[in-house]
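Let's take a friendly walk through a protein model. We will look at its ligand, its aromatic rings and a few spots in its backbone.

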Amino acid sequence: MTAFSFQDGNLYAEHVALRDIAQRHDTPTYVYSRAALTQAFTQFSAGLQGHDHLVCFAVKANPSLAILNLFARLGAGFDIVSGGELARVIAAGGDPAKVVFSGVGKSHREIEAALEAGIFCFNVESINELERIQQVAARLGKQAPVSLRVNPNVDAKTHPYISTGLKNNKFGVAFEDALALYQRAAALPNIEVHGVDCHIGSQITELSPFLDALDRVLGLVDALATHGISIQHIDVGGGVGITYSDETPPDFAVYTQAILQKLAGRAVKVLFEPGRALVGNAGLLLTKVEYLKPGETKNFAIVDAAMNDLMRPALYDAYHRITAIAPSNEAPQVYEVVGPVCESGDFLGHDRTLTIAEGDYLAIHSAGAYGMSMASNYNTRPRAAEVLVDGEQVHVIRARETTADLFKLERVLPA
Ligand code: LLP
């Protein structure tokens, strides 16, 4: 089943017309397709059958409990970067024993929570973090399973803000230092060396950076073996890109086959941390045209979603396809699609040809990853509702925030 498809000019999510969702649930609303989520996960995993593996969905891409729960039911593990994400995974029915914990700034409390929960592995990003995990584990009388996240110094050829595998990034430990750090880790009484981890960036549309990074990681694994340190798993990170407009990322089968080929003959478990690839094209943002405003040089379509709802265009100049969701008799015009936030950077799309009138609805496509998860309340705007379509059913998986929600934690000073 195609998640989102046009039938006679009307856009559907599975069997539900988006116009019905907009009318029933108001806008802005994130709309996800269960079939698309399921298909993405099962297709990703299909290529890995026969090899010991764990697919850890990167929670940051979309931390919705309903979505985490769907993936958990399909057998997913999870890649987390905070104690909050760990709590979400557990609340969603995820198995802590399938959780890897990445990120450069793990606090004492987060390390403690992860040890108490019994996670699969810490992806350690510095020597000081390693020492801290040792301390916390010793205090709790636990053994901490670790991988070191190594920085293979590979150019992922993606946007600089989401490239993480280069020397000048804050992530991981330098390749040259890895052996010494593993030796230190192996000597620590409450640390158990399990794996090697790397993640080189996001929205990567070529295969070669992944394979170059893996070659370097395998070189390290062999070097460690000669020093008596054996590696049980290799975590190749996330980063597989999706099609927003005309990108052609490697498809899952090609990607997983290429990785498995490099691992042939090795008795290691392989971990993946895909985020965007599993959810990006399984969701869209539904918004209403509030005003059409002709300008001197540009026409503006002012919609009720804004940079606070979908930050990617403002932050990375990211492209999201924008379409009307129903046929119209208007003349096509070129618009700047912008939100109501008081910043010129508040745009969702430049120079889009649309056939629309005020009151019509638009779909901002490919918004399932890093959409709602990066949303804020800037301009005191309640965050959007989220619905998940399953065949003919529409489930509200997150109610729209109310304005009162936005200041319920605030207090004015005493008189
Ligand atoms: N693993 C680690 C350690 C990561 O840092 C990330 C993403 C992932 C896995 C998942 O990467 P993915 O498969 O989704 O590419 N907000 C940006 C993307 C930031 C990605 C951060 N790290 C965006 O909207 O494009």
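## Where the ligand sits

The domain bounds used here come from an automatic or database domain assignment. In this predicted model, domain 1 (4–32 + 280–406) and domain 2 (103–272) both give residues to the shell around the ligand, so the ligand lies between them. The shell holds 19 residues, and those that come nearest are Ser202, Glu273, Arg312, Tyr316 and Tyr370. Sorted by character, the shell has six nonpolar, seven polar and six charged residues.

## Contacts with the ligand

Which parts of the protein place an N or O atom by an oxygen atom of the ligand? The side chain of Tyr370 does, at 2.6 Å. Arg276 uses a backbone N or O atom instead, 2.8 Å from a ligand oxygen. For Lys60, a side-chain N or O atom is 3.3 Å from an oxygen atom of the ligand. On its own the ligand would expose 580 Å², and the protein buries 92% of that.

## Aromatic rings

Now turn to the rings. Nine aromatic pairs turn up across the whole structure. In one of them, Phe44 and Phe252 meet edge-to-face, with 5.1 Å from centre to centre and 65 degrees between the planes. Phe44 belongs to helix H2 (residues 34–46) and Phe252 to helix H9 (residues 252–263), so this pair links distant parts of the chain, 208 residues apart. Both Phe44 and Phe252 are buried.

Phe210 and Tyr255 make another edge-to-face pair, at 5.0 Å centre to centre and 70 degrees between the planes. Because Phe210 lies in helix H8 (residues 208–226) and Tyr255 in helix H9, the pair ties together parts 45 residues apart in sequence. Phe210 and Tyr255 are buried too. These four residues join Phe272 in one aromatic cluster.

## Backbone spots to look for

Most peptide bonds are trans, and most residues other than glycine have a negative phi. With that in mind, find the bond between Thr27 and Pro28: this peptide bond is cis, with omega about -5 degrees. Pro28 is in the loop between helix H1 (18–25) and strand E4 (29–33).

Next, look at Asp351, which has a positive phi of about 50 degrees although it is not a glycine. Is Asp351, in strand E18 (residues 347–354), buried, exposed or partly exposed? Asp351 is partly exposed, with a relative accessible area of 49%. Thr380, also not a glycine, has a positive phi of about 50 degrees, and Thr380 is found in the loop between strand E19 (361–364) and strand E20 (385–390).

Key
Residues are numbered from 1 along each chain as its sequence is written. This is a predicted model: local features need pLDDT of at least 70, side-chain atom pairs count only at pLDDT 80 or more; totals for chains, interfaces and linings use all residues. Side-chain values use heavy atoms; hydrogens and water are left out. A residue is near a molecule or strand if one of its heavy atoms lies within 4 Å of it. A polar contact is a pair of N or O atoms within 3.5 Å; within protein, one must be able to donate a hydrogen and the other to accept it, and residues adjacent in sequence count only if both atoms are side-chain atoms. Accessible areas come from the Shrake-Rupley method with a 1.4 Å probe; for residues, only the protein chains shown count as cover. Ala, Val, Leu, Ile, Met, Phe, Trp, Tyr, Cys and Pro count as nonpolar, Asp, Glu, Lys and Arg as charged, and the others, Gly among them, as polar. Rings of Phe, Tyr and Trp (its six-membered ring) pair if their centres lie within 6.5 Å; planes under 30 degrees apart count as stacked, over 60 as edge-to-face and the rest as tilted. Helices (H or I, at least four residues) and strands (E, at least two) are DSSP runs, numbered from the N terminus. Buried means under 20% relative accessible area, exposed over 50%, partly exposed in between (1.4 Å probe, protein chains only).
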